[in-house]
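Dear colleague,

Please find below the structure that I am handing over to you, with its sequence. My notes on what was found in it follow.

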2 protein chains.
Amino acid sequence: MAADGEGARGEGTARGEGGTGLSVSLETAWGLRERPSKGPKPGLSLDRIVDAGVAIAASEGIGAVTMGRVAKALGVSPMSLYRYVSARDELYVLMQDAATGTPPEMPADVTGWRARLEWWARAQREVFRRNLWLVRMPITSPPASPHYLEWMEQGLAALDDSGLEEGRKLSVLMLVGGFVRNEVVLMADLDAAMRAGGQEPDEVMRRYARTIDALTSTEPGRFPALRRTLAAGVLDVADAEDTEFEFGIGRVLDGVAVLVGER
Amino acid sequence: MAADGEGARGEGTARGEGGTGLSVSLETAWGLRERPSKGPKPGLSLDRIVDAGVAIAASEGIGAVTMGRVAKALGVSPMSLYRYVSARDELYVLMQDAATGTPPEMPADVTGWRARLEWWARAQREVFRRNLWLVRMPITSPPASPHYLEWMEQGLAALDDSGLEEGRKLSVLMLVGGFVRNEVVLMADLDAAMRAGGQEPDEVMRRYARTIDALTSTEPGRFPALRRTLAAGVLDVADAEDTEFEFGIGRVLDGVAVLVGER
DNA sequence: GTCTATTGCGTATGGGCTACGCACTACCGA
DNA sequence: TCGGTAGTGCGTAGCCCATACGCAATAGAC
């Protein structure tokens, strides 16, 4: 069964005393803790480090964000970074929060829980689209960053007039947020496949269709439904970029609407 | 914008000629290609390598699955493995397929698209639950493995009587599959957090609630909805393991039902 | 019985993270 | 005004990783 040390913050990590249970540099980053004012003036700042990391991730993917690489971008030695961040994973968390940013303000003319929730989902998707590397980030502890909390706040507020109880609201947000995230992962995959070999999305899809065709045609009759789908040409052309998202968000909101309707 | 080399199979990888577009060792693994019969008898087999990898992943997480580690488990030298697998990522793909396995047969008394689709989702979840490391696996190219295709086949067949057109069926499967996957990711996170520091799920949640409380209480009035949720005690106790899943799958299926109903 | 494809695997290269400790700096408290 | 000291940047070094390359041994093919 199970087991998966991944993403679990180790025992040894020092914790702050702000009562948050977060690590020291995280508390510092969230402004819960002052950087002491003794010693030499710091030549760097957390912000600069995080910005450098985000820039590298944006142009070369999260895999290119190594301590050495970030240090080089800043013209310092790799070890310098550890004065600001206790481990690379912590830098990742900071980068994640920075890229997530404050949610844009909800327009006043978006009213009613459904429209507001949909707007919220689209806004979230936009953030992911701008930073595809976000969804490649190894997920660690449950998210507890200021910007993330702002998004949650906005999402909860969107459900104000839904009549749902608090616990339900949260469940709905997780559902919608999970959907958005998942959809972007798929998009990022297609994007990666495009960069990797083929060129155009259509070409990638055609190649994929051919692969599946080859795999399913060896044993005829084993994949009837799949071959029917294949025959229908569904995989021959890449969807317009938004098709799957539009479809999915519609279904999910319909499902939530059923719940709200029967309260 | 964007860019994310991750998970993209490189140019240099040798491709088979089976017309699948897959790499040589993948074609071999899928039984589309024979291992030549010259030379010394192989001392290993792909199956043994993959099994060893799966075993390590199961007990120590995907991060512990390195070439050296697998080799040691088999009592061979690391480089031996490269006679069977061209790169570590390929081993991952093989492991993924092996752990996914053939879907269990759909019981005859499960009838109608909704019940069948729900059964399908639960079966999928069960696989993930047994192998939490699966959802930590870096996603690479679009999935094209025999077992994955079998799951797709079963999913499409489940929608036979839905009256949806082929493309829609696929979209529905992606939606449901994505939901399941996402839900398991959350479960894996909680699991990781449990192993990391605290013990019981409740304890983890309480700690999380305390963290959020600390973060939201500095600026009163900035997180009204969130603080209301917090006050409702929603985060104080971990849900029973299935609660979120049950909620989500119900909503998603409700949403699909709306679509099916209006065809 | 030779030929040769294929085997295992040793060596080596080039990364990566990060513990540790040194030399130095500038604020604090007296 | 002037140590004391907590902080600084950063060099060194240890350890783990993936994997290119090439060599000697092997056993089926002819």
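Before the notes on annotated regions, one definition is needed: UniProt positions are given here in the numbering used for this model, feature names are shortened, and an annotation may be inferred rather than shown by experiment. Please also keep in mind that this is a predicted model.

**Annotated regions of chain A**

Under the name "DNA-binding region", an unreviewed UniProt entry lists residues 66-85 of chain A. Over residues 66-85 the chain is 40% helix and 0% strand, and the end C-alpha atoms are 13 Å apart. The UniProt annotation "domain: HTH tetR-type", also from an unreviewed entry, covers residues 43-103 of chain A. For residues 43-103 of chain A, the helix content is 59% and the strand content 0%, with the end C-alpha atoms 31 Å apart.

**The fold of chain A**

Chain A contains ten helices and zero strands. Along the sequence this gives the pattern α-α-α-α-α-α-α-α-α-α. Of the 263 residues in chain A, 37% are buried. If one takes the contacts in chain A between residues at least 6 apart in sequence, 66% of them join residues at least 24 apart.

**The surface near the DNA**

Which residues are closest to DNA strand C? They are Thr66(A), Pro36(B), Gly39(B), Met79(B) and Arg83(B), and 26 residues in total surround the strand. Helix H3 of chain A, residues 67-74, gives the most to this surface, with three residues. Sorted by class, the surface near DNA strand C has eleven nonpolar, eight polar and seven charged residues.

**How the two chains are related**

In general, two copies of a chain are related by a rotation about an axis and a shift along it. Here, chain A is superposed on chain B by a rotation of 180° with 0.0 Å of shift along the axis, and the RMSD is 0.1 Å. This is the relation of a two-fold axis. The same surface serves both copies, as 99% of the contact residues of chain A recur in chain B. Among the residues of chain A, Gly255(A) comes closest to the rotation axis, with its C-alpha atom at 1.9 Å.

The contact takes 78 residues from chain A and 78 residues from chain B. On the side of chain A that touches chain B, the elements giving two or more residues are helices H2 (46-60), H6 (146-158), H7 (166-196), H8 (201-216), H9 (224-231) and H10 (243-261) of chain A. The largest share of that side, 19 residues, comes from H7(A). By class, the side of chain A that touches chain B has 40 nonpolar, 20 polar and 18 charged residues.

**The core, and one residue in helix H7**

In soluble globular proteins, nonpolar side chains tend to be buried together. The largest nonpolar core in this model has 123 residues, and those with the most contacts inside it are Val176(A) and Val176(B). Apart from its neighbours within four places in sequence, Val176(B) is in contact with Leu117(B), Ala121(B) and Val252(B).

Is Met194(A), which lies in helix H7 of chain A, buried or exposed? Met194(A) is partly exposed, because 16 other C-beta atoms lie within 10 Å, whereas a buried residue would have 20 or more and an exposed one 12 or fewer. The C-alpha atoms of Met194(A) and Ala115(A) are separated by 34 Å, and these residues are 79 apart along the chain.

With kind regards

Notes
Residues numbered from 1 in each chain as written. Chains lettered and ligands numbered in written order. Predicted model: local features only at pLDDT ≥ 70, side-chain atom pairs only at ≥ 80, totals over all residues. Near = placed C-beta within 6 Å. Helix = DSSP H or I, 4+ residues; strand = E, 2+ residues; numbered from the N terminus. Nonpolar A, V, L, I, M, F, W, Y, C, P; charged D, E, K, R; others polar. Least-squares fit on C-alpha atoms with pLDDT ≥ 70 in both. Contact = placed C-beta atoms within 7 Å. Core = buried A, V, L, I, M, F, W, Y, C linked by C-beta atoms within 7 Å.
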